[in-house]
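Student: I should like to take a close look at a single part of this model. Please set out the details in one connected account.

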Amino acid sequence: MSLESITENVDDAVSGFFEPIAKWLGEIVFYAVPVGGTDLPLIVAWLVVAGLVFTGWFGFVQLRKFRLAVDVVRGKYDDTDSAGEVNHFQALTAAVSGTVGLGNIAGVAVAVSIGGAGATFWMILCGLLGMATKFVEVTLGVKYREVHSDGTVSGGPMHYLPKGLAERFGKNGKAFGKVLAVLASIMILFFGLFGGNLFQVNQSYAQLVSVTGGEDGAMGSSAGALLFGILVAALVGIVLLGGIRSIASVTSRLIPAMAGIYIVACLVVILVNVTAVPAAIGTIIEGAFNPEGVAGGVLGALIIGFKRAAFSNEAGLGSAPIAHSAVKTKHPASEGLVALLEPFIDTVVICTMTALTIVIANPASWGEARTDESIGGVTITSDAFETVLPWFPYVLTVAVLLFAISTVLTWGYYGLKAWTYLFGRSTASETVYKSLYTLFAVAGSLLTLQTLIDLADAVLFSLAVINIIGLYLLAPVVKRELNTFLAYVRERESTPAARDEDERLKTGN
């Protein structure tokens with residue numbers, strides 16, 4: 001029996017078993033209600049409302065404290081002698097690597113195809129609201145993190161839910177938080193194995209096959225798939241063994257470089273078509289409020305834009321606090337401010353650049369996708385670049401591969417923290433997890449297991465329900481932490497030594 005037939009049989013068997021479960025859970029988690037001629041998934045509304053509430057609760061913190069957040073990332077308030085494993089910049093890039101990826105490249109193309117150019121406007125708005133939610137959950141992640149005797153750190157909803165609720169509500173809060181923590185850990189672990197690992201490897205392999213001659217090309221065979229899976233698994237295994245320090249070291253170089261290349265390519269397309277920019281912006285704004293839009297008018301464009309942004313930046317899901325919790329700081333709100341930059345980078349900058357490139361380039365495949373839902377995704381983005389840079393699809397393939405690998409690495413760390421919360425931090429326990437995770441990377445190039453991936457998506461977004469309940473209950477704690485950090489900033493800036501340091505940072509001396 002060939003390798004291909006074995007993998008097909010495994011695919012069919014797994015899908016047949018889990019398909020009813022995935023369908024049932026998906027219908028619950030992504031339940032949608034008809035609004036204005038289109039369907040509104042309640043989970044998207046749940047995430048957007050949280051962004052609105054926290055934006056108001058903290059007085060538009062994402063706008064008022066944006067410059068302060070940038071200063072923290074630059075190292076102005078670094079606490080090198082504090083508990084933690086990485087600096088603010090490394091924590092940010094490690095978390096961003098878990099969100100920046102195929103959603104920014106392919107997901108945006110889907111959004112502007114189904115929701116029209118106007119979906120871009122609503123993506124930006126959702127990204128801005130998500131900044132406030134991210135600030136809240138990451139502040140809690142650092143506040144209630146657990147620093148181990150070896151200097152490593154564990155954080156995330158599995159820690160701040162039981163600790164925070166116990167602190168605020170006593171014994172009953174602790175019991176309730178413990179239940180939520182176990183559920184959160186299971187959901188993070190499940191998505192890490194299937195969505196954050198298997199799916200990313202599978203899609204990056206598919207993109208590689210497409211530019212190397214397709215199924216008849218050098219990588220199109222089962223042997224090519226196996227080789228690709230083994231190479232990715234080896235890379236992931238080596239980096240994962242080094243923990244968050246190793247992951248942060250890789251992502252702090254990889255993410256800025258790849259994001260920079262991608263944004264520059266977008267700018268090239270935009271500048272070559274600079275005369276079309278005003279019309280494109282007009283199309284986006286008009287499409288956002290045009291009742292004749294393609295997917296249920298203004299509400300259709302709004303829902304599609306919000307949906308893609310929520311799925312891309314993961315604000316409110318509780319995943320990012322796991323990476324951010326490893327930061328070296330004595331002030332939890334300092335990292336919360338750093339984290340609010342994450343949706344800005346992911347959604348407001350990168351997703352918007354992708355959408356603007358597509359709208360300006362206006363490739364033929366985009367027009368076809370508006371009438372034929374089977375055409376879309378990364379093909380549209382690639383075609384938009386190809387209108388100006390015929391060779392860029394190959395660069396895009398490299399970007400997809402590197403973004404996917406960085407996502408696999410970050411979710412490997414997220415899954416490890418969920419695993420150790422459930423099964424303990426022993427060397428044997430961690431070795432079992434890391435071995436399992438690397439095997440899933442190999443399987444990702446051989447199997448699709450689409451049903452399990454659909455199930456993982458439903459599990460991840462059900463985590464948002466649990467997590468945001470906790471965020472509402474613990475928001476007063478976040479407000480106290482923010483006030484404490486702002487007082488520290490005022491005191492620091494009032495001293496001559498701090499002013500000298502600020503001048504040094506500005507001049508680079």
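In which helix is the place of Trp57?

Tutor: Trp57 has its place in helix H2, residues 42-57; helices here are DSSP runs of H or I with at least four residues, strands are runs of E with at least two, and both are numbered from the N terminus. The model is predicted, so local features need pLDDT of at least 70 and side-chain atom pairs count only at pLDDT 80 or more, while totals for chains, interfaces and linings use all residues. Residues are numbered from 1 along each chain as its sequence is written, and side-chain values use heavy atoms, with hydrogens and water left out.

With a relative accessible area of 34%, Trp57 is partly exposed; that class lies between buried (under 20%) and exposed (over 50%), with a 1.4 Å probe and protein chains only. Trp57 joins Val49 and Val53 in a nonpolar patch on the surface, and together the three have about 220 Å² of accessible area. Areas come from the Shrake-Rupley method with a 1.4 Å probe, and for residues only the protein chains shown count as cover. Patch residues have over 30% relative accessible area and no salt bridge; like charges are joined within 9 Å, and nonpolar side chains (Val, Leu, Ile, Met, Phe, Trp, Tyr) within 5 Å. A salt bridge is a side-chain nitrogen of Lys or Arg within 4 Å of a carboxyl oxygen of Asp or Glu.

For Asn467, the place is in helix H20, residues 450-493. Asn467 is buried, at 0% relative accessible area. Beyond its neighbours within four places in sequence, Asn467 has contacts (heavy atoms within 4.5 Å) that include Glu137, Tyr160 and Gly316.
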